[in-house]
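Here is a short report for a reader new to this structure. It covers charged pairs, cysteines and surface patches.

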Amino acid sequence: GVVSRLVKNREDLEVLLGLATGDLRIDSQLGSPSLRPRIFLMDRFIDDRFVETRKSMIDRAMREDGVNFICLWIDRPDGSAAALSGFADFLSKLDTKEVRTVAYIPTMARGAIPLVALACDDVVMHPDALLGGKTDSLTNEERSDLLAVVNDNIVPLKMRNRALADAMFTPDTAVYVFRNRQSAALQYLTESDWKRLPRKEEWDREAKITTDGQSLQLTGEQAEDVGVARGTVRDFQELKRMYGLEGDPGFAEPSWVNRLIGVLASPELAWLIVLVGLAGIYAELQLPGIGIGGFVATVAFTL
């Protein structure tokens, strides 16, 4: 009799209390004395090398510069589902007591890109920006990988609505609006989610917000209405005022080590280095004892 009800997650608690989707959120830095922000621009193709570089940049910024506010500026990027899954997994596991992550979307984030936004603590969008849609190119295996990150990490750790998150990557997920009879609060659930509610008779099903055969796509205003986005802003200056950021936060840039690794990882240069190494071995065989060819070959193959 000490506990009045048992709930498995944040969604169950919202439903039990008759609250709307997104009413409960983690805000662990309300008492933080100062925010030390850093912006990470995501406006290009996101592959494994991009992800590994940004992960090391974020770790270094937190460890060496004391950064506790990370803004991912997501502006029309594209990327591989595997790389995005790894990056979202990394972001979702960052300790909210140490760093706050915010996804800023001024234009659009489609395909598998929304996974990265959902893995952040907050999503902030332009009112007319688009989140979701255009998942036709994803394979079934890629969808499974994305949903695994959603259900294992993003939903429990970042308190996201499971039905809405799933619908962004699976066109066959039907999400409905359910209204609480007493509080008039709105929840967004699938039919199976509603049937599992302990007191489902208190919730009336209304309109369907998904389109058959299409993954869920939301504008900034719609994302705010359903609790996916914390709010909408017209520009970055409004975002700064929303969080009380002072000055002009700096953009994170790859270090010379990251740049060197990126250059060395290019296939064209890799073949050139291999040829240099083979030439060094040939020279050493033709002129034994001098050692210059062997030294060149050793450096080339080490690189």
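## A buried charged pair

D122 and R100 are both buried. This is a predicted model. In it, the side chains of D122 and R100 form a salt bridge, with N and O 2.8 Å apart. The two residues come from distant parts of the chain. D122 sits in strand β7 (residues 122–125), and R100 sits in strand β5 (residues 100–105). They are 22 residues apart.

How buried is D122? Its relative accessible area is 2%. That is under 20%, so D122 counts as buried.

## A second partner for D122

D122 also forms a salt bridge with R230. Here the N to O distance is 3.2 Å. D122 is in strand β7, while R230 is in the loop between α8 and β13 (231–232), so this pair ties together parts that are 108 residues apart in sequence.

Is R230 buried, exposed or partly exposed? R230 has 29% relative accessibility, so this residue counts as partly exposed. D122, at 2%, is buried. The bridge thus joins a buried residue to a partly exposed one.

## Another bridge, and the network

K240 and D248 form a salt bridge too. Their closest N and O atoms are 3.2 Å apart. The two ends are placed differently: K240 is buried at 9% relative accessibility, whereas D248 is exposed at 67%.

Which residues are joined into one network by salt bridges that share partners? They are R100, D122 and R230. D122 bridges to R100, and D122 bridges to R230. The count of salt bridges comes to 15.

## Cysteines without a disulfide

How many disulfides does a search of the whole structure find? The search finds zero. C71 is in no disulfide, and the nearest cysteine sulfur, in C120, is 8.5 Å away.

Why is there no bond between C120 and C71? A disulfide needs the two sulfur atoms within 2.5 Å. The sulfur of C120 has its closest cysteine sulfur in C71, at 8.5 Å, so the pair is too far apart for a bond. Both residues are buried: C71 has 2% relative accessibility, and C120 has 0%.

## A nonpolar patch on the surface

Seven names make up a nonpolar surface patch: L272, V276, I292, F295, V296, V299 and L303. Together they have about 650 Å² of accessible area.

Which helices each supply at least two residues of this patch? They are α11 (267–286) and α12 (292–302). The largest share, four residues, comes from α12. V299 is found in helix α12. At 36% relative accessibility, V299 is partly exposed. A patch residue needs over 30%, so V299 passes that cut-off.

## A negative patch

The surface also holds a negative patch. Its residues are D128, E221, E224 and D225. E224 lies in helix α8, which spans residues 220–225.

Is E224 buried, exposed or partly exposed? Its relative accessible area is 35%, so E224 is partly exposed. This value is also over the 30% that a patch residue needs.

Key
Residues numbered from 1 in each chain as written. Predicted model: local features only at pLDDT ≥ 70, side-chain atom pairs only at ≥ 80, totals over all residues. Heavy atoms only, no water. Patch = residues over 30% accessible without salt bridge, like charges linked within 9 Å, V, L, I, M, F, W, Y side chains within 5 Å. Areas by Shrake-Rupley, 256 points an atom, 1.4 Å probe, with all protein chains shown as cover. Salt bridge = Lys/Arg side-chain N within 4 Å of Asp/Glu carboxyl O. Lys, Arg positive; Asp, Glu negative; His and termini not counted. Charge placed at Lys NZ, Arg CZ, Asp CG, Glu CD. Buried < 20%, exposed > 50% of the residue type's maximum accessible area, 1.4 Å probe, protein only.
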